[in-house]
Amino acid sequence: MKLERIVPVTGRIELLTGMHIGAGTETTQIGGVDNPIIRLPKDGNPYIPGSSLKGRMRALLELYLGKVEGGGDPHVYKGDSCKNEYCPICYLFGAAADTQAPIGPGRLIVRDCVIDESLESNERIKLESTGLPYTEEKTEISINRITSKVEKGLRKTERVPAGVIFDLDISLRKFEGDPDSLLKWMLTGLALIQKDGIGGSISRGYGKIRITELKVDGKEAALPEV
Ligand SMILES: [Zn+2]
């Protein structure tokens, strides 16, 4: 098994609507929001964890390719059929559940997407943030269907506001014999996220993104139609 190349895939992720990727803490700080977003410890700026982006790509590709298991479980390595068909899920994301799978490591490396602070548009949003940098608070309410009264107390959710631009930084490992289709499926995964969204509450309009300035191996590239 010979690694031929590592192909860089870069670009930008622009938020078209507010995005919420939770910090995974249910504890509410006094005077704080109920639902904080994840931030980098080093500068407190929000980011899109590579694991979130990769997980979203995998989930959407599994659905798109009809590879979700019965009961909604993630796709698992199917032996020769996945190997011989260069199953995009197993080759891109790995067949970790089956350590005997003779297809080598997952080809996809997805790094954390951070905010490019040299962009003037980001700088402006940072200055406009009233609380923590690059943050807005969205208040969610629940209305009683009969009385039309607000049922519960107001719930404040933190979001990264529309307009913020993150750097996209992905690599694709190309092993000897790997078909070009793996790159195509990886880009399809990004195209699906662009159509669907990232983070929480997508069905309520959160997390719509646009991918711009896409480059594959340093050359301008376009996402496939999905
Ligand atoms: Zn597979």
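**Cysteines, a zinc site and aromatic contacts**

The structure holds zero disulfides, a disulfide being a pair of cysteine sulfur atoms within 2.5 Å. This is a predicted model, in which local features need pLDDT of at least 70 and side-chain atom pairs count only at pLDDT 80 or more, while totals for chains, interfaces and linings use all residues. Residues are numbered from 1 along each chain as its sequence is written, and side-chain values use heavy atoms, with hydrogens and water left out.

Three cysteines appear instead at the zinc ion, which is coordinated by C82 (SG), C87 (SG) and C90 (SG) together with H75 (NE2), at 2.1 to 2.3 Å. Donors here are N, O and S atoms within 2.8 Å of the metal (3.2 Å for Na, K and Ca); water is not among the atoms, so sites may look incomplete. The site is tetrahedral, with angles of 104 to 114° among its four donor atoms; four donors earn that label if all angles lie between 85 and 135 degrees. Along the sequence, the donor residues follow the spacing H-x6-C-x4-C-x2-C.

C82 is buried at a relative accessible area of 2%, and C87 is buried at 1%; buried means under 20%, exposed over 50% and partly exposed in between (1.4 Å probe, protein chains only). C90 is buried too, at 2%, and C113 is buried at 0%.

On the aromatic side, the structure holds one aromatic pair. Y86 and Y91 form this tilted pair, 4.8 Å centre to centre with 40° between the planes; ring centres of Phe, Tyr and Trp (its six-membered ring) must lie within 6.5 Å, with planes under 30 degrees apart counted as stacked, over 60 as edge-to-face and the rest as tilted. Y86 is partly exposed at 27% relative accessibility, whereas Y91 is buried at 4%.

Notes: Four donors count as tetrahedral if all angles lie between 85 and 135 degrees; four count as square planar and six as octahedral if opposite donors are over 155 degrees apart and all others between 65 and 115; anything else is irregular.
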